[in-house]
Protein chains: 2
Amino acid sequence: MNKFRELFNLDLPIIQAGMVWCSGAKLAAASANEGIIGTIGAGSMNKELLDKHILKAQNLISKNNHLLAVNFPLLYHDIEAQLKVALDRGIKIFITSAGSPNKYTKFLKDEGRLVIHVCSSARLAKKCENAGVDAVVAEGFEAGGHNGRNETTTMVLIPEVVNNVNIPVIAAGGIGQASQIRAAHALGASAVQIGSRFVVTEESSAHHEFKNAIINASPGMTKLLMKKYIPVRLLENKFSKDIQELESAGASKEELKTLLGKQRAKRGMLDGDLDQGELEIGQVSGLINNIKTVKELVQEFRLAYQE
Amino acid sequence: MNKFRELFNLDLPIIQAGMVWCSGAKLAAASANEGIIGTIGAGSMNKELLDKHILKAQNLISKNNHLLAVNFPLLYHDIEAQLKVALDRGIKIFITSAGSPNKYTKFLKDEGRLVIHVCSSARLAKKCENAGVDAVVAEGFEAGGHNGRNETTTMVLIPEVVNNVNIPVIAAGGIGQASQIRAAHALGASAVQIGSRFVVTEESSAHHEFKNAIINASPGMTKLLMKKYIPVRLLENKFSKDIQELESAGASKEELKTLLGKQRAKRGMLDGDLDQGELEIGQVSGLINNIKTVKELVQEFRLAYQE
């Protein structure tokens, strides 16, 4: 555990995950203020909006500016402009995903930044290490939102990745309470990344109807769907049932793409359309029963590190 | 942890899982001799064969006869005759699965036996507790062979079940080495059930070609298939690819049933037909690299319980 904490200069080895529509300046700043890595999700922002969020977060952070991170899905069309914005604003921690780690790692390392890449297999983790990243997030099948194709769960993925690389491994997927943090470290992880649980905080920008839907969700109410297009874990609603029906009938990638259309994620998670919106959330939603402040959550998580 | 160990009178709270075609007398007896619960899988036996295996196991066990268990998939047509055989031979631990816990729990408890039921959701676990079982196995999505429909992984399922019942919870799915045992206990499990790792032992009755296929399997090479019929996790081979192709095209339950046909599991796991046989194994197969004796394995697992 020490290597990760030293490298990133923090006390609790926890990352609040960058998430589309849910993790803006407010959430990331609150996380950094509590001594964990707070991440702005750039995937739902253009470069102007990203710039605003970074600046706002930096103003909200009373100390720990070095703990502000940005998550960049590399498939974003304006990715280079986004990276430049974050570089110019002095962001230290770059978390990249959904693309090759070979693309920007060297460039960012040459700029003196810490780079973490998200992977869902031991094979890709090795590729990340070879590309020169400082750490990898290994994300299991139970995670919300976009997900890997081989469906390996956190319980199996973490030991596989730990066996395969020498850099710190950050466990993600299915982690939302102290017992799960402890389990992740038992599996060999140096740190954990937590997403879904932070969606249901005061500081998250998720629509309150989406937060309530997560609180009311029973166990087993998420499903990994859209496997022929881009696998994504969604909370059960009218939209997810429509996808399931199409998939069960053998729909093609193109048919799924058409159903997905545009702005479904914004509609669900930011605008609160619980019927027709895309509600990205992890399996751990079945264990989330209330809205908390980031301060309260991190206090709970701290218990995982005490005897 | 104490409650389970006291109830079952054992040192290490580990169950060697009952598995079709792999866990006969030899494996179960070797496990019991090492101080863990050793389970004969009755799912692939008629009552005469089951009787032979129980008798043989009892002869092979030098001590710890109370640790010999039998696993009964309740959907088996001759289930009552099977239960009678085990009762008559003095089996103490009955592990039931694939059916309602209300069916035989009271009957078995009245006969003075310990009853464990296998479940894959917090809801079913509560039903098991109400039916009067002594403990539940909570089995995650990563487990080999037949599996639940809601795809909840061990990381999420164990806390859900632990929250929902007061009886001991046995974690299963994705557990094959000491770090994973530690993780399961961190999640709140009182014990663990381990299947796949025991398939690849000297004492398992799996065909040596099947054992070698598991050893050679890379991470990510199993898949949960047959979801429209009975979900089952299989190692990738010609047969599993045929299923995937059919499913991708929207095949019906009947078409899948026809492809499955009869005796596919025996053909794969006992007869070693790696092309056309059904190879039931868990995700943890990606972490299994050698054949061990049960004694060696249990020695390794013991490390999970030391500081």
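In chain B, eight strands form a closed barrel, in the order β1-β2-β3-β4-β5-β6-β8-β9, with parallel pairing. This is a predicted model. It scores ipTM 0.97 and pTM 0.97. Chain A averages a pLDDT of 96, and 100% of its residues score at least 70.

**The barrel of chain B**

- Neighbouring strands of the barrel sheet are turned by 25 degrees against each other on average, direction ignored.
- One pair in chain B is β8, residues 169–172, with β9, residues 191–194.
- These two strands run in the parallel sense and share three bridges.
- Look at Ala172(B) for one such link: its bridge partner in β9(B) is Gln193(B).

**Where the chains meet**

- Chain B gives 32 residues to the contact between the chains, and chain A gives 32 residues.
- On the chain B side, the elements that give two or more residues are α7 (154–164) and α8 (178–186).
- That side of chain B has 12 nonpolar, 16 polar and four charged residues.

**Two domains in chain A**

- The domain assignment splits chain A into domain 1 (2–204 + 288–305) and domain 2 (208–286).
- Domain 1 of chain A is written as two stretches, 2–204 and 288–305.
- The C-alpha centres of domain 1 and domain 2 of chain A lie 23 Å apart.
- Their contact takes 25 residues from domain 1 of chain A and 18 residues from domain 2 of chain A.
- On the domain 1 side, β7 (145–146) and α9 (196–199) of chain A are the elements that give two or more residues.
- The largest share of that side, three residues, comes from α9(A).
- By class, the domain 1 side that touches domain 2 in chain A divides into 10 nonpolar, 12 polar and three charged residues.

**A helix pair in chain A**

- Two packed helices are described by the angle between their axes and the distance between the axes.
- In chain A, helix α6 (residues 122–131) packs against helix α7 (residues 154–164) at an angle of about 35 degrees.
- The axes of α6 and α7 in chain A are 9 Å apart.
- The crossing of α6(A) past α7(A) is right-handed.
- From α6(A), the contact uses Ala122(A), Ala125(A) and Lys126(A).
- From α7(A), Glu160(A), Val161(A) and Asn164(A) take part.
- This contact of α6(A) with α7(A) has three nonpolar, one polar and two charged residues.

Key
Residues numbered from 1 in each chain as written. Chains lettered and ligands numbered in written order. Predicted model: local features only at pLDDT ≥ 70, side-chain atom pairs only at ≥ 80, totals over all residues. Contact = placed C-beta atoms within 7 Å. Helix = DSSP H or I, 4+ residues; strand = E, 2+ residues; numbered from the N terminus. Nonpolar A, V, L, I, M, F, W, Y, C, P; charged D, E, K, R; others polar. pLDDT = per-residue confidence, 0-100. Domains from an automatic or database assignment. Pairing = 2+ DSSP bridges. Axes fitted to C-alpha atoms, helices over the stretch in contact; angles between N-to-C directions. Left-handed = near helix turned anticlockwise from the far one by under 90°.
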